[in-house]
Amino acid sequence: MTIQAQLPDSRVPRLALHSTHDLDAPDAPVPRLALHSTHDLDAPQAPILNALALLDHRTRATALPEAGAPPGRYLAVEGDGPALLVPIERSITHIGRGMVADLRLEHPQVSRRHAIIAQWAARARVLDDRSSNGTFVNQRRVAVADLCDGDLVRFGPVAMRYVEISPPWRVRPLRRVPSARRGSESELGPVAA
C-alpha cells in the first residue's frame with residue numbers, strides 16, 4: 001500500500017511512504033521523510049506597521065494624539081498619520097483578540113488572550129498569556145519582561161511602542177514656619193538683631 005502526501009511547499013517533492021505491512025512487497029523500503037529546511041518556521045514575522053486599523057472601535061475611541069497626551073502609560077499605535085497613544089489605565093490590562101480583552105486587536109494571529117500588562121507604582125510589566133504566536137519586547141520573545149519608555153512590544157505580528165509620559169517637575173513652594181512654632185531663644189540661641 002502506498003500513501004502519497006503533498007506538502008504545502010512546492011519546493012519539496014512528494015513523499016512516498018510505504019507501509020511495512022505490505023505483504024506483496026516484502027523488500028519494500030523503510031518509510032523515510034524528506035529532509036528540508038525548517039529554518040523559516042522560527043523566524044520572526046515582519047511586524048504590521050498599520051496597527052491602528054487592527055484596533056476595535058472601543059479601543060480606537062480612547063486613543064489620543066501623542067502631542068497633547070496627559071502624563072501616564074500608553075501603547076503608541078502608528079497608522080497612516082501621526083502616532084496615537086492608547087492609554088493603559090488599569091493596573092491589569094488584558095490584550096488579545098477576544099471580546100473580554102481591554103485592548104482588542106482584530107488579527108487572526110493574535111490569540112484571544114494574548115498578553116497582560118501589569119502596572120504598579122513606578123513599574124510596568126508585560127506577561128505572555130500562553131499565546132500561540134508569542135509576545136516580543138525589543139525583538140526578543142518573552143514570557144515576562146519589565147517595560148521601559150520606548151520599548152517595542154509585539155503581540156504576534158502587531159507592533160506597538162510602550163510610552164511613559166512623566167508629569168512635569170513642579171517646584172514645591174517653600175513652606176513658611178509660623179511664628180508660634182518657632183523655638184524659644186534658649187533652644188535656638190541668641191537672635192541676632
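Q: Which residues close to Leu-75 in sequence are left out when listing what Leu-75 touches, and which tyrosine does Leu-75 touch?
A: This is a predicted model, where local features need pLDDT of at least 70, side-chain atom pairs count only at pLDDT 80 or more, and totals for chains, interfaces and linings use all residues. Residues are numbered from 1 along each chain as its sequence is written, and side-chain values use heavy atoms, with hydrogens and water left out. Leaving aside residues up to four places away in sequence, Leu-75 touches a list including Ile-95, Leu-103, Phe-155 and Met-160, where contact means heavy atoms within 4.5 Å. The tyrosine on that list is Tyr-162.

Q: Which element gives the largest share of the largest nonpolar core?
A: A nonpolar core is a set of buried Ala, Val, Leu, Ile, Met, Phe, Trp, Tyr and Cys residues joined through side-chain atoms within 4.5 Å, buried being under 20% relative accessible area with a 1.4 Å probe, protein chains only. The largest one here has 25 residues, and Leu-75 is among those with the most contacts inside it. Three of its residues, the largest share, come from β14.

Q: Which strands stand at the edges of the five-strand open sheet?
A: Strands are DSSP runs of E, at least two residues, numbered from the N terminus, and two of them pair if DSSP finds at least two bridges between them. The order is β7-β6-β8-β9-β12, with mixed pairing. Two strands have a single partner each, so one side of each is left without a neighbour in the sheet: β7 and β12.

Q: Which residue in β8 stands opposite Ile-95?
A: Strands β6 and β8 run antiparallel, joined by four bridges. Opposite Ile-95 stands Ala-115.

Key
Buried < 20%, exposed > 50% of the residue type's maximum accessible area, 1.4 Å probe, protein only.
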